[in-house]
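Have a look at the sequence and the 3D structure below. A short tour follows, from cysteines to fold, core and aromatic rings.

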Amino acid sequence: MAQSAPSAVTDASRPAGRDTLLRLRRWFVSINSILKTQALLLEAIVSNSKGAPDLITQFRISNFKSLQSVELELGSATVFIGPNNSGKTTALQALALWDMGWRRWNEKRSGSNASTRQGVVINRRDLVAIPVPSPKLLWNMLRTQSSSKDGEGRQHTEKQFITLEAQGIHHDEPWQCALEFYYSNEESFYCRLKN
């Protein structure tokens with residue numbers, strides 16, 4: 001008697017438990033990826049050229065992507081846990097943007113006095129940790145400017161800033177660095193120290 005070929009397994013005939021296992025596996029892979037990214041970003045941010053670790057103890061985020069105003073308490077090891085779309089990756093991207101802004105500022109403007117403190121340009125293509133087709137997508141509600149009318153009916157337009165402020169400890173001394181980012185065009189934006 002000849003045996004027939006086994007039939008192909010279809011999605012409809014697959015046990016429901018297998019779908020659950022596949023979803024859990026994807027979730028664990030996603031969590032693992034986020035934790036690795038967080039560890040790499042924090043390692044890059046908190047280490048300096050001498051190898052002595054700095055520690056960021058507080059990080060404030062204002063007007064960045066989905067985060068209107070957030071304050072994070074950080075320690076030597078921090079894990080972000082929360083449901084999807086709660087801002088975990090956005091907080092890490094804000095740390096990466098602060099780090100890039102700080103490095104770019106130091107490269108271009110270190111040692112300048114207050115009268116020459118202008119923003120340094122950051123191109124969207126330099127944002128490896130935050131890939132975006134337009135810098136406008138970094139601003140909360142996509143608002144890079146706000147307009148208002150004065151008492152005489154004249155329209156005034158003001159820049160909307162992304163503000164990222166880090167506080168921490170370096171060799172037992174407290175430090176603080178606040179950066180402002182403002183929109184320029186579809187390819188770039190500016191970063192400057194906040195006064």
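## Cysteines

A disulfide is counted when two cysteine sulfur atoms lie within 2.5 Å. Please keep in mind that this is a predicted model. How far is the sulfur of Cys-191 from the closest cysteine sulfur? The closest one belongs to Cys-177, at 8.1 Å, which is too far for a bond. The view from the other side agrees: for the sulfur of Cys-177, the closest cysteine sulfur is the one in Cys-191, again at 8.1 Å and too far for a bond. By this rule the structure has zero disulfides.

Are these two cysteines buried or exposed? Cys-177 is buried, with a relative accessible area of 6%, and Cys-191 is buried as well, at 0% relative accessibility.

## Fold and surface

The protein is built from two helices and eight strands. Reading from the N terminus, the order of the elements is α-β-β-α-β-β-β-β-β-β. Of the 195 residues in the protein, 32% are buried. The exposed area of the protein is about 12900 Å², and carbon and sulfur atoms supply 52% of it.

How much of the contact set joins residues at least 24 apart? Taking contacts between residues at least 6 apart in sequence, the share is 53%.

## A loop residue

For a look at the outside, try Ala-77, which sits in the loop between β2 (67-73) and α2 (88-109). Ala-77 counts as exposed because its relative accessibility is 69%, and the cut-off for exposed is over 50%. From C-alpha to C-alpha, Ala-77 and Leu-55 are 9.9 Å apart in space, with their positions 22 residues apart in sequence.

## The nonpolar core

Now to the inside. The largest nonpolar core holds 32 residues, and the members that touch the most other members are Phe-59, Ile-61, Leu-127, Leu-138, Leu-164 and Phe-181. Several elements each supply at least two residues of this core: β1 (55-64), β2, α2, β3 (120-123), β6 (162-170), β7 (173-183) and β8 (188-193). Which of the elements gives the most? That is α2, with eight residues.

Phe-59 makes a handy starting point for browsing. Leaving out residues up to four places away in sequence, Phe-59 touches Val-70, Glu-71, Leu-72, Leu-74, Ala-94, Leu-95, Trp-98, Leu-164, Glu-165 and Ala-166. One of these, Leu-95, is placed in helix α2 and is buried, with a relative accessible area of 1%. Leu-95 and Leu-164 are 69 residues apart along the chain, while their C-alpha atoms are separated by 8.0 Å.

## Aromatic rings

How many aromatic pairs does the structure hold? There are seven. Among them is the pair of Trp-139 and Tyr-183, which is edge-to-face, with 6.0 Å from centre to centre and 85° between the planes. Trp-139 lies in the loop between β3 and β4 (145-149) and Tyr-183 lies in strand β7, so this pair ties together parts that are 44 residues apart in sequence.

Although Trp-139 belongs to a loop, this residue is buried, with a relative accessible area of 1%. Trp-139 and Tyr-183 are also members of one aromatic cluster, together with Phe-181 and Phe-189. Phe-181 has appeared before, among the residues that touch the most other members of the largest nonpolar core.

Note on methods
Residues are numbered from 1 along each chain as its sequence is written. This is a predicted model: local features need pLDDT of at least 70, side-chain atom pairs count only at pLDDT 80 or more; totals for chains, interfaces and linings use all residues. Side-chain values use heavy atoms; hydrogens and water are left out. Buried means under 20% relative accessible area, exposed over 50%, partly exposed in between (1.4 Å probe, protein chains only). Helices (H or I, at least four residues) and strands (E, at least two) are DSSP runs, numbered from the N terminus. Contact means heavy atoms within 4.5 Å. Accessible areas come from the Shrake-Rupley method with a 1.4 Å probe; for residues, only the protein chains shown count as cover. A nonpolar core is a set of buried Ala, Val, Leu, Ile, Met, Phe, Trp, Tyr and Cys residues joined through side-chain atoms within 4.5 Å. Rings of Phe, Tyr and Trp (its six-membered ring) pair if their centres lie within 6.5 Å; planes under 30 degrees apart count as stacked, over 60 as edge-to-face and the rest as tilted.
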